Amino acid sequence: VQLQASGGGLVQPGGSLRLSCAASGSIFSINTMGWYRQAPGKQRDLVAEITDGGGTNYADSVKGRFTISRDIAKNTVYLQMSSLKPEDTAVYFCKMIVATDARPIKYQYWGQGTQVTVSS
């Protein structure tokens, strides 16, 4: 299973970006899909996640500004980011919990990361 993230870039404060992360390979089902971010010298933190039931969870710092969504048929998760601030600058990573067959075993996969820079 491979995760391919895209959509990062340079944006001015107050701007918007949309990140995408598509999973490919031997996928039976996907449980949780999520986005994390890591700024230089800091740990990787959860930004938002969405469960297979559609429930969502957001970091307090992004509530009301970011929206996570998914396309189950495409095995893809999105992160719509609005009202971006300089402190949102980080490398953003997607993560998925995937079952590769009908056994009750799930694996964690990470995307390669995409840089988001918020600066004027």
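This is a quick tour of one protein model, from its overall build to its core and its surface.

## The basic build

First things first: this is a predicted model. The protein has eleven strands and zero helices. Read from the N terminus on, then, its elements simply go β-β-β-β-β-β-β-β-β-β-β.

## Size and packing

Take the C-alpha atoms along the principal axes and they fill a box of roughly 50 × 25 × 25 Å. The radius of gyration is 14 Å, which agrees with the value near 14 Å that a compact globule of 120 residues would have.

How much of the protein is buried? Buried residues come to 38% of the 120. As for contacts with a separation of 6 or more, 53% of them link residues 24 or more positions apart.

## Inside the core

The largest nonpolar core holds 29 residues. Among these, W35, L79, M81, Y92 and M96 are the ones that touch the most other members.

Which elements give two or more residues to this core? They are β1 (2-6), β3 (17-24), β4 (29-38), β5 (45-50), β7 (66-71), β8 (76-81), β9 (90-99) and β11 (114-118). The largest share comes from β9, which puts in five residues.

## Surface and charge

On the outside, the protein has an accessible surface of about 6300 Å². Carbon and sulfur atoms own 47% of that surface.

Now for the charges: there are 12 positive side chains and 8 negative ones. The centres of these two sets lie 2 Å apart.

Definitions and conventions: Residues are numbered from 1 along each chain as its sequence is written. This is a predicted model: local features need pLDDT of at least 70, side-chain atom pairs count only at pLDDT 80 or more; totals for chains, interfaces and linings use all residues. Side-chain values use heavy atoms; hydrogens and water are left out. A nonpolar core is a set of buried Ala, Val, Leu, Ile, Met, Phe, Trp, Tyr and Cys residues joined through side-chain atoms within 4.5 Å. Buried means under 20% relative accessible area, exposed over 50%, partly exposed in between (1.4 Å probe, protein chains only). Helices (H or I, at least four residues) and strands (E, at least two) are DSSP runs, numbered from the N terminus. The radius of gyration is taken over C-alpha atoms; the globule rule is 2.2 Å times the number of residues to the power 0.38. Contact means heavy atoms within 4.5 Å. Accessible areas come from the Shrake-Rupley method with a 1.4 Å probe; for residues, only the protein chains shown count as cover. Lys and Arg count as positive and Asp and Glu as negative; His and the chain ends are not counted. The place of a charge is taken as NZ of Lys, CZ of Arg, CG of Asp or CD of Glu.
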